[in-house]
Amino acid sequence: TPTDLQRMAALATEHHVDDEEVIFEQGDAGEEMYVIVHGEVKVMIAINEEPEKEFARRKIGDVVGEMSLISGEPRIATLIAAGEVHLLCLDRKSFGGLMRERPEVSLAVMRVLCARLKEATK
């Protein structure tokens with residue numbers, strides 16, 4: 001909701017990323033998640049020593065990095081800016097607080113995770 005987005009914006013820090021800049025790499029620890037405010041990013045995945053391949057694109061309004069933040073597991077993909085990108089960054093502590101304060105945010109995150117699972121199985 002707009003209220004949730006305002007709350008998140010108050011907790012988040014802004015990041016600017018240039019074209020082809022790596023936002024995070026597959027295997028990195030995931031201590032933050034991002035909301036794309038402007039631009040788009042390439043989701044790159046390497047499987048079994050193969051070169052990375054583009055798996056998906058994420059655009060304005062999409063959340064990225066949430067899986068690792070929630071699970072505590074390493075990042076499952078590399079994110080690379082496809083042009084100039086502006087992001088809002090939310091760290092683990094702020095994300096946890098937001099989830100406790102606003103349970104409906106948890107439901108929205110679950111919807112995103114379900115969509116990602118569905119996307120991955122296609």
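This report walks through a four-stranded sheet and the salt bridges of a predicted model.

## The sheet

Let's start with the strands. Four of them form an open sheet, and reading across it gives the order β2-β7-β4-β5, with antiparallel pairing. Two strands stand at the edges: β2, covering 22–24, and β5, covering 53–58. Each of these has a single partner strand, so one side of β2 and one side of β5 are left without a neighbour in the sheet. From one strand to the next, the twist averages 30°.

Inside that order, β7 and β4 sit side by side. Strand β4 takes in residues 41–45 and strand β7 residues 78–81, and the two pair in the antiparallel sense over four bridges. If you would like a spot to look at on screen, try Met44, whose bridge partner in β7 is Thr78.

## A network around Arg57

Now for the charged side chains. Side chains of opposite charge can pair when their charged atoms come close. The structure holds six salt bridges, and Glu40, Glu54 and Arg57 are linked in a network of them.

Take the link between Arg57 and Glu40, where the closest N and O atoms are 2.7 Å apart. Arg57 belongs to strand β5, while Glu40 lies in the loop between β3 (32–38) and β4, so this pair ties together parts that are 17 residues apart in sequence. Arg57 also forms a salt bridge with Glu54, and here the closest N and O atoms are 2.6 Å apart.

How accessible are the members of this network? Arg57 has 36% relative accessibility and counts as partly exposed. Glu40 is partly exposed as well, with a relative accessible area of 22%; as buried means under 20%, Glu40 falls outside that class. Glu54, at 40% relative accessibility, is likewise partly exposed.

## The Arg102–Glu104 pair

Further along the chain, another of the salt bridges joins Arg102 and Glu104. Their closest N and O atoms are 2.8 Å apart. Arg102 is partly exposed, its relative accessible area being 24%. Its partner Glu104 also counts as partly exposed, at 37% relative accessibility.

## Putting it together

Strand β5 is a handy place to finish. This strand stands at an edge of the sheet with a single partner strand, and it carries Arg57, which pairs with Glu40 in the loop between β3 and β4. With Glu54 added, these residues make up the salt-bridge network described above.

Key
Residues are numbered from 1 along each chain as its sequence is written. This is a predicted model: local features need pLDDT of at least 70, side-chain atom pairs count only at pLDDT 80 or more; totals for chains, interfaces and linings use all residues. Side-chain values use heavy atoms; hydrogens and water are left out. Two strands pair if DSSP finds at least two bridges between them. Axes are lines fitted to C-alpha atoms, for helices over the stretch in contact, and angles run from 0 to 180 degrees between N-to-C directions. A salt bridge is a side-chain nitrogen of Lys or Arg within 4 Å of a carboxyl oxygen of Asp or Glu. Buried means under 20% relative accessible area, exposed over 50%, partly exposed in between (1.4 Å probe, protein chains only).
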